[in-house]
Amino acid sequence: MERFILTEDGSHSLYSPQYNQQYHSLQGALTESEHIYIQLGLFPILSQASSPVHVFEMGFGTGLNAFLAWKLADRLQKPVDYTSVEAFPVPVEEAVSLNYETLTGQTGFAQLHECGWSAEHQLSENFTFRKENVYLQNFRSDKLFDVVFYDAFDPRAQPELWVEEIFSQIAAQTCTGGVLVTYSSKGIVKRALRAAGFNVERHKGPGRKTHVLKAIKY
């Protein structure tokens with residue numbers, strides 16, 4: 001199977017032979033990221049924020065979520081401090097071939113992949129970025145996050161990342177009232193989130209996807 005995938009909305013995704021999974025919905029990578037992580041997750045909080053919004057992402061992957069968050073921060077002129085973890089980084093030469101700049105009319109995507117790991121990068125006046133090449137289980141931060149983008153591979157591929165223990169770890173680093181958004185609405189995911197201290201809401205998914213989840217830390 002080809003490593004590069006053209007999804008239904010014309011945006012690229014990638015295929016992981018290791019997990020036999022694509023990085024995004026085949027119905028549209030850009031559509032999925034915009035709907036779940038930006039419109040459902042970040043935008044409602046950032047648009048009302050009076051102080052920097054701290055975002056944590058599980059699964060940097062292609063960098064699409066980070067790219068869209070960066071451009072939203074610049075558009076709203078509101079500061080975002082973004083931290084992402086990725087255990088299996090996409091090679092830079094693959095990442096820069098993805099067509100996200102062309103489709104969005106925005107620039108700077110390559111910077112996300114070219115900047116160094118484990119360091120703070122001020123990519124614009126309103127966007128501070130840090131990425132860690134580490135397994136989620138080993139990640140720790142002294143920050144409390146307002147928004148969590150949970151974008152691990154499907155529970156069938158990475159079941160160890162969709163359990164109460166992991167979500168409790170994330171809850172401990174999420175502020176009260178903070179939100180976690182994810183594409184998976186499976187029962188095991190909802191139960192694990194609730195057990196970890198989140199109120200779970202089911203929302204309409206992008207395209208033909210029935211539901212996605214928004215979980216609020218209480």
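Two residues are in contact when heavy atoms of theirs lie within 4.5 Å. With that meaning in hand, the structure above, which is a predicted model, can be read starting from one residue, Asn65.

Asn65 lies in helix α2, which covers residues 64-76. Leaving aside its neighbours within four places in sequence, Asn65 is in contact with Ser33, Tyr37, Ile38, Glu57, Tyr82, Phe149 and Asp151. Two residues of that list, Glu57 and Asp151, come up again when polar contacts are considered. The side chains of Asn65 and Glu57 are joined by a polar contact of 3.1 Å. Another polar contact, also given as 3.1 Å, joins the side chain of Asn65 to that of Asp151. Is Asn65 buried or exposed? Its relative accessible area is 3%. Buried means under 20%, so Asn65 counts as buried.

His24 can be read in the same way. This residue sits in the loop between β3 and α1. Its relative accessibility is 7%, so His24 is buried. If neighbours within four places in sequence are set aside, the contacts of His24 are His12, Ser13, Ala29, Glu32, Ser33, Thr62, Leu64 and Tyr100. Ser33 is thus a contact of His24 and also appears among the contacts of Asn65. Distance along the chain and distance in space can be set side by side for His24 and Glu34: they are 10 residues apart in sequence, and their C-alpha atoms are 12 Å apart.

The strand β3 that comes before this loop belongs to a sheet. Strands of a sheet pair through backbone hydrogen bonds, and the pairing may be parallel or antiparallel. Here 3 strands form an open sheet in the order β1-β2-β3, with antiparallel pairing. Its edge strands are β1 (4-6) and β3 (21-22), each of which pairs on one side only. Between β1 and β2 (residues 12-16) there are 3 bridges, and the two strands run antiparallel. Within this part of the sheet, Phe4 stands opposite Leu14 in β2.

The next topic is empty space. Rolling a probe the size of a water molecule over the atoms shows where such space is left. How many cavities of 30 Å³ or more are there? The count is 2. The largest cavity has a volume of about 50 Å³, and its lining includes Phe56, Leu136, Phe139 and Gln169. The elements giving two or more residues to this lining are β8 (145-150) and α6 (164-172). By class, the lining holds 6 nonpolar and 3 polar residues, with no charged ones.

The second largest cavity has a volume of about 40 Å³. Among the residues that line it are Ser25, Thr31, Glu32, Pro206 and Lys209. Its lining is made up of 1 nonpolar, 5 polar and 2 charged residues. Glu32, one of these lining residues, is also a contact of His24.

Pockets, unlike cavities, are open. The largest pocket holds about 780 Å³ of space. It is lined by 46 residues, and Gln22, Ala152, Phe153, Asp154 and Tyr183 lie nearest its centre. At least two residues of the lining come from each of β3, α1 (29-46), β4 (53-58) and α2. Helix α2 is the one that holds Asn65, while β3 is an edge strand of the sheet. The lining of the largest pocket divides into 19 nonpolar, 17 polar and 10 charged residues.

Conventions. Residues numbered from 1 in each chain as written. Predicted model: local features only at pLDDT ≥ 70, side-chain atom pairs only at ≥ 80, totals over all residues. Heavy atoms only, no water. Helix = DSSP H or I, 4+ residues; strand = E, 2+ residues; numbered from the N terminus. Buried < 20%, exposed > 50% of the residue type's maximum accessible area, 1.4 Å probe, protein only. Polar contact = N/O pair within 3.5 Å; in protein donor to acceptor, adjacent residues only side chain to side chain. Pairing = 2+ DSSP bridges. 1 Å grid on protein atoms, 1.4 Å probe; cavity = no way out; pocket = protein on both sides within 12 Å on 5 of 7 lines; lining within 4 Å. Points joined across faces, edges and corners; volume = space filled by probe spheres on them. Nonpolar A, V, L, I, M, F, W, Y, C, P; charged D, E, K, R; others polar.
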